[in-house]
Amino acid sequence: MGMRRFAEIVAAGALMLTAGTAAADYYSHPGIRPGNRCITATGQSFAAAGIDPINCQKLFWDIPATTKLGVVAVEAPYNEDSIPRFPNGISDRIPPIWVGTLASGKEEGFERQQDCQANASGCHRLCSDPEAVPFWKPILEADGKTQKIGQDPTGKLHSVDDPTKLQSGPLVQTACQRGSRAYFGPWQTGTDQAKFDGTTSNNMIRFENTSRLNQDVANGATTEARRLEWNTSTEFYNHFGSHHGTCYQPSDACADVNGTKPRSAYDANDPNATCYKYEASAEPTSGCYSADEDPGCSGGVGMGGFRNATQLPGRLSVPLPDGRGVLGTEDQIWGCNHHTVTQLPPGSYSMTKLANYRLQKGGLINTKDKPINGAAPGQVIGGTVGEMIMQYLTEPLNANVKPISVMFNAAADDATTYYPPFTWNYHEAEWFAPYDAQIALGAIHSHHRMVKGIMNPAGGFPPRVNSPNPLCGGVMNPTADTVNAYTDWYWEDAPVCEWWKDADGTIPLRKGQAWRTTCYINNGITPEAIKHGLVAGAAVEALKTLGAPIPDYPKLVAANTWGDALAGSPLGRELLYGTHPPINYRVKYTCGSDPVTTGTRAPVIGHGKNCNANAAVDQEGDYIDGAYLNEAQCGAGGYCNPSAIVFACVGEEEMCIGVTMYFAMPRPLNSDGSPNEGFIAEAQAAHVNNLGTPGNTGLPTDVLVGGNCPDCKAGL
């Protein structure tokens, strides 16, 4: 799934953005430049203070701006980028709205017209159409679905796996698309060493589209009574340190596509306008403004169905499957949560050591009249930078677009997530198709102690003999993972399976049939914990019986002499560590008033304030887990104890949230009783797996979907 964006006016003509929207980059917010942010409390740079640069958070603004249309790039990491590497290379920086030439002669990108005019000459929009935004467009093969593969066209960027070869991967190029851009942040988490996470709560963003809808009405693409457009794709841009961002569509009459309002209803300057509260929820005065240093939220409209999410640094771009979309009203508003972590563990993005972003003492100034994350009014906030930029790409209402639905199983997962210290187990949640459906796209959102996540339809799925990706069930390149419709080994960079693009097409799911999401979680079964007797003896013997290369007397042998063999064994790969180093799965720690032990094993402690793992090591250099005094994070007299993992929006806790996009199989008849041409075409092609039957399960749709389901109504 999925974690970032937005306090000043973009000049009229940029994107028709109003005073409720802000733009962010290093020119509009110079405080977040590395030279201003990555400093000590005394103002020393990290280099001067001898602080490892890994603790200076990488932002997508560090990637050079691409200032021309038609520029081709490879959608993959490259060797010249320092660890942690952006996963999509130079395309992980959003193309700028404005372009100008600096005094040095270099072309530069800007988010705001006034910043361009203040720093450059020849300022112009990258996209000349004020109703279009620049984006990275996939370069497709002739089939219109498969993305072309190629090498870095500049000849300057090289492969991470083999630096003697050029970077290669899927190709994209800068282009323009009808749509809007919105900003969330920047904000910061502060420098408190006892803090692990920062989370916003239902801060509102608004995608301005009034001018575009006016044009649609004038052009006959819609009518004044149906001021709607199709959202066909959304892009998220995100920094390292962002764990996830999730957005919800308001449960508000002003967002109801079946009860559209006139333009006058959305007047943020008229308290008597029908949708004044809805429109004003994204204004700076609302207390839930997205472009605010303060991540707290004091109001806003109620949140409805799941709308979109990301958990990736850089860019997440997912065109909605098969020419489908979600209808949006005037000035579409989303309420977004943004979860940002203050540190990244070893194993994240090829890192071999902890990155502590609390060491960043510089950054944004607290402009409020109250403390923000430990910073008094007028003081620098510091810590991790949270920011997202989102693009809302659209088509007019009369375009050939059909609806799509979203499954988001967070509530079901909450009830099954609990892991005592020094144990391994799995949890799963099921969702039931409300009608005969085609699953077009899927992903899992999880946290960093997940070993492996899978999704499957109950009863199996038709063999995907023409599909190449084994992580998405394809058998053209079979591996052990091919038995699953979806496999995720990468909690920090979960794959997105776009089944609709494959030759085998979507995955059929009949009404009432279960779609099951499962995650394996390891809370502390590491070579060091086994060596020191913290893992139950029965569990160790069971692992040895299954073939784990654990010595008969592990406490007498340094863990590093056999730990690598355990991690590399089939058991280590499949159940214990997956693709990450064992240290990534070190037990979770939670603050308590006393050190608690039960024999040689740690207690089962529920959700509490998280703290850093014990720094103690034995004579062989192997770390030692156990309770220890930690007053810096747990307060005076406070102890840090190994504890249980529970479901929570915190990086040290866990989630296993399956997300899919799906749509109804064609039925024999349309809603007006006429023959369904789509059904006839599928029948003539003998695609029996894609032929739907009338009706739904009759169960409440909120129980069935837990997300956005425009098709969920009786009689389908």
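## Salt bridges, starting with a network

A salt bridge here is a side-chain nitrogen of Lys or Arg within 4 Å of a carboxyl oxygen of Asp or Glu. Glu131, Arg178, Arg212, Asp216 and Glu229 are linked in a network of such bridges. Keep in mind that this is a predicted model. Searching the whole structure turns up 32 salt bridges.

As a bit of background, side chains of opposite charge can pair when their charged atoms come close. A few of the pairs are worth a visit on screen.

## Three bridges across the chain

Start with Glu107 and Lys68, whose side chains meet in a salt bridge at 2.6 Å, N to O. Glu107 sits in strand S3 (residues 107-110) and Lys68 in the loop between helix H2 (46-49) and strand S1 (72-74), so this pair ties together parts that are 39 residues apart in sequence. Glu107 is partly exposed, with a relative accessible area of 26%. Lys68 is partly exposed too, with a value of 47%.

Next come Arg315 and Glu75, with a salt bridge of 2.8 Å, N to O. This one links distant parts of the chain: Arg315 belongs to strand S13 (residues 314-319), Glu75 to the loop between S1 and strand S2 (98-101), and they are 240 residues apart. Is Arg315 buried or exposed? Arg315 is buried, at 4% relative accessible area, and Glu75 is buried as well, at 18%.

The third is Arg263 with Asp331, where the closest N and O atoms are 3.7 Å apart. Arg263 is in the loop between strand S11 (242-250) and helix H5 (276-280), and Asp331 is in the loop between strand S14 (324-328) and strand S15 (332-341), so the bridge ties together parts that are 68 residues apart in sequence. Arg263 counts as partly exposed, at 26% relative accessibility, while Asp331 counts as buried, at 1%.

## Helix H4 and its two sides

Now back to two members of the network, Arg212 and Asp216. In helix H4 (residues 210-219), they are buried, along with Thr210 and Leu213. Seen down the axis of H4, the buried residues fall within an arc of 160°, so they line one face of the helix. The general rule is handy here: an α-helix has 3.6 residues a turn, so residues three or four places apart point the same way.

What do the buried residues of H4 pack against? They pack against strand S7 (168-188), strand S10 (229-238) and strand S18 (385-396). On the other side of H4, Ala218 and Asn219 are exposed. Right after the helix comes Gly220, with a positive phi near 80°.

## Aromatic rings

The structure holds 17 aromatic pairs. One of them joins Phe60 and Tyr237 edge-to-face, at 6.2 Å centre to centre and with 70° between the planes. Phe60 is in the loop between H2 and S1, and Tyr237 is in strand S10, so to speak a long way along: the pair links distant parts of the chain, 177 residues apart. Both Phe60 and Tyr237 are buried. Add Trp61, and ring pairs link Phe60, Trp61 and Tyr237 into a cluster.

Phe86 and Phe240 have ring centres 4.7 Å apart and planes at 55°, so their pair is tilted. Here too the pair links distant parts of the chain, with Phe86 in the loop between S1 and S2, Phe240 in the loop between S10 and S11, and those positions 154 residues apart. Both of these Phe residues, Phe86 and Phe240, are buried.

## Charges over rings

Two arginines are worth a look beside tyrosine rings. The charged end of Arg33 sits over the ring of Tyr27, 5.0 Å from its centre. Arg586 lies over the face of Tyr623, at 3.8 Å from the ring centre.

## Nonpolar cores

Which residues touch the most other members in the largest nonpolar core? Of its 34 residues, those are Ile32, Trp61, Leu344 and Ile389. S7 and S18 are the elements that give two or more residues to this core, and both strands also pack against the buried residues of H4. Trp61 turns up again here, having already appeared in the ring cluster with Phe60 and Tyr237.

Apart from this core lies another one, of 33 residues. Its members include Leu320, Cys336, Ile404 and Met661.

Definitions and conventions. Residues are numbered from 1 along each chain as its sequence is written. Side-chain values use heavy atoms; hydrogens and water are left out. Buried means under 20% relative accessible area, exposed over 50%, partly exposed in between (1.4 Å probe, protein chains only). Helices (H or I, at least four residues) and strands (E, at least two) are DSSP runs, numbered from the N terminus. The arc is that of the directions from the helix axis to the C-beta atoms. Contact means heavy atoms within 4.5 Å. Rings of Phe, Tyr and Trp (its six-membered ring) pair if their centres lie within 6.5 Å; planes under 30 degrees apart count as stacked, over 60 as edge-to-face and the rest as tilted. A charge sits over a ring if NZ of Lys or CZ of Arg is within 6 Å of the ring centre and within 35 degrees of the ring normal. A nonpolar core is a set of buried Ala, Val, Leu, Ile, Met, Phe, Trp, Tyr and Cys residues joined through side-chain atoms within 4.5 Å.
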